[in-house]
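Colleague: Got a minute to walk me through this one? I'd like to go over the helices and the packing.

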Amino acid sequence: FRPAAPAGEGVTNPGTSEPGRIPPRVLMAVLLAALGVRVLHLLQAGTAPEFGVPWLDQQFYHDQAAALASEGEIAFSGFRSLLYPWLVSLVYRVAGPDPVAVIWVQSVLGCVAAGLCATAAWRLAGSAAAALAAGFLFALNPVVPVFECGLLTAAPSLLVMAVFALALVRALEPSARPCWLAAVGVTPALLLHLTPQLAPVLLAPLLFARGGAPARPWIVGGFAATLVLLAGLHAGIAGKAFAAGGSSGINAWLGNRVGADGIFPKQPRAVSYQGGYQDPIELLAVEEARRLTGNAQLSPDRVSGFWWGQTFSEIRSSPGRWTALMIRKAWVSLWNAEPPNVLNPGFWKRHAAPMLAWLPAGWGILLVCSAPALWRSARRTRALAVAVGLGLAGLCLFFVNSRYRLPLVAPMSVLAGAGLVAVRGAFVAKAWKPVVAMAIVILIERGELT
């Protein structure tokens, strides 16, 4: 590969200063790296007893997807979106109700996400080196394969955020087409049905949109049209429109109540049920809301609103405690704080796929490598950094751990690719601010890097 050109000086489209298509050999190298990691991971993890066995949230998604695939009846309470079960059902229609088939599909889509990150970095920095760095950092992330190996919304959310990162970079280019502006609105709407905590990223394109008011209707229009389509999807398959957010109230309360640690949704009491799997968080939300209101007929549609009221009541009653909790969550977001169950990537590395321990590009590395990019004056770089910040802020309102933070690996990889090119240029130009920024983050993250 030829040496990286300075930002904005790569292969350009005729008559513009914008990069053209990413060099095929760069894209191919990234795709092969991502594919190699995933094949090795699946070969190793496939021998673990947990592999391909749905449980808790995964059991819900599996049951709903299997019912949709067989065109059977589904019980839809409005607590969780059916978008992910519907997507899984498309795989089940072809391969049968086999979670392993979904795992392979999600792993392939992970390779696609790596390519999207490389393409976004190419458009952002105009550099083959930035594209390679972003793509390899994504491909060599040790947490991404863990959540591709289960029926969880984290995997499709990661792909959606990779699309968002590319769409945001393209939408803020001087010659951006309206389709990119619409796409950057579509993706947060999808996140509302997959990982709603990250939906605040929508504010980034609205804040940084070129052309101001004329550009924003395309973004808002893409967002609104997608919500309408998803409401129609729910009406078609469950007979009930659904805008998203049915579980947000109870999760907000569990993430902000007295005794919350901000990492894991600790329930105040156990719940029990008979028959097939039921979501314990949903059961808790409905049972406790009915008990506290004295209304045994309180509909599930009104449960979320009740818990939002409880959340705000607890915040008002002890604002100092809540502020300290939010500061703790913000600090925890810089680290790999994990829940104590098999969704802990550390557990997966030890018991299912030890090869993940050799992958170097964890969250700490991404933070270190992206820090120099913050000193770049490019509007698109700042917008992407603000989007990541908004995503983290959304997480801090609920829980902060790798499962929910996973989708942010995509835009962080893009920023890290641009940051590595920026720090190299800073050394050449003897401009030390980006280098100092990188050194400061290394000091903060030294525990994660060793």
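**Helices and packing**

Modeller: Sure, let me start with one residue: glycine 394 lies in helix H17, residues 379-396. Bear in mind that this is a predicted model.

Colleague: Okay. Is glycine 394 buried or exposed?

Modeller: Glycine 394 has a relative accessibility of 3%, so it counts as buried.

Colleague: And what is glycine 394 in contact with, leaving aside its neighbours within four places in sequence?

Modeller: Gln197 and Pro200. There's also a C-alpha separation of 8.5 Å between glycine 394 and proline 196, and those two are 198 residues apart along the chain.

Colleague: What about the chain overall, how many helices and strands?

Modeller: It has 21 helices and zero strands. The chain has 450 residues, and 55% of them count as buried.

Colleague: What share of the contacts comes from residues 24 or more positions apart?

Modeller: Counting contacts with a separation of 6 or more, 76% are between residues 24 or more positions apart.

Colleague: Right, on to the core. Which residues have the most contacts inside the largest nonpolar core?

Modeller: Phe138 and Ile250, in a core of 127 residues. Helix H4, residues 99-125, gives the most to this core, with 14 residues.

Colleague: Is there another core apart from it, and what residues are among its members?

Modeller: Yes, another core of six residues lies apart from it, and Ala67, Ile74, Phe76 and Phe242 are among them.

Colleague: Back to phenylalanine 138. What is it in contact with, beyond four places in sequence?

Modeller: The list has Arg38, Gly110, Ala113, Ala114, Cys117, Val144, Leu158, Val409, Ala410 and Ser413. Phe138 is also one of the buried residues of H5, along with others including Leu132, Gly135 and Leu137.

Colleague: How many residues of H5 are buried?

Modeller: 10 of its 12, so H5 is mostly covered. The length works out as well: H5 (residues 128-139) should span 16 Å at 1.5 Å a residue, and its end C-alpha atoms are 16 Å apart, which agrees.

Colleague: You mentioned Ile250 too. Where does that come in?

Modeller: In a helix pair. Helix H11 (residues 248-256) packs against helix H12 (residues 280-293) at an angle of about 90°, and their axes are 10 Å apart. H11 and H12 are therefore roughly perpendicular to each other. On the H11 side the contact is made by Ile250, Asn251 and Leu254, and on the H12 side by Ile281, Leu284 and Ala285.

Colleague: How many nonpolar, polar and charged residues does the contact of H11 with H12 have?

Modeller: Five nonpolar, one polar and no charged.

Colleague: Which residues does phenylalanine 306 touch, not counting those up to four places away?

Modeller: Ala289, Leu292 and Thr293. Phenylalanine 306 itself is found in helix H13, residues 300-317. Its relative accessible area is 19%, and with the cut-off for buried at under 20%, phenylalanine 306 is buried. From phenylalanine 306 to glycine 249 the C-alpha distance is 7.3 Å, with their positions 57 residues apart in sequence.

Colleague: Switching to H7. Why call it largely enclosed?

Modeller: Because 15 of the 18 residues of H7 are buried, it is largely enclosed by the rest of the structure. H7 covers residues 154-171, should span 26 Å at 1.5 Å a residue, and has its end C-alpha atoms 25 Å apart, which agrees.

Colleague: Pick a residue in it for me?

Modeller: Proline 156 is found in helix H7, and at 14% relative accessibility proline 156 counts as buried. Leaving aside neighbours within four places, proline 156 is in contact with Tyr84, Gln106 and Leu194. Proline 156 and glycine 110 have C-alpha atoms separated by 8.7 Å and sit 46 residues apart along the chain.

Colleague: How many residues of helix H16 are buried?

Modeller: Seven of the eight in H16 (residues 363-370), so H16 is also largely enclosed by the rest of the structure. Among them are Trp363, Leu366 and Cys369.

Colleague: Last one: where is histidine 62?

Modeller: In helix H2, residues 57-69. Histidine 62 counts as buried, at 14% relative accessibility. Not counting residues up to four places away, histidine 62 touches Pro54, Tyr92, Pro97, Pro99 and Leu151.

Terms used: Residues numbered from 1 in each chain as written. Predicted model: local features only at pLDDT ≥ 70, side-chain atom pairs only at ≥ 80, totals over all residues. Heavy atoms only, no water. Axes fitted to C-alpha atoms, helices over the stretch in contact; angles between N-to-C directions. Helix = DSSP H or I, 4+ residues; strand = E, 2+ residues; numbered from the N terminus. Parallel < 35°, antiparallel > 145°, perpendicular 65-115°, else oblique. Contact = heavy atoms within 4.5 Å. Nonpolar A, V, L, I, M, F, W, Y, C, P; charged D, E, K, R; others polar. Expected span 1.5 Å × (residues − 1). Buried < 20%, exposed > 50% of the residue type's maximum accessible area, 1.4 Å probe, protein only. Core = buried A, V, L, I, M, F, W, Y, C linked by side-chain atoms within 4.5 Å.
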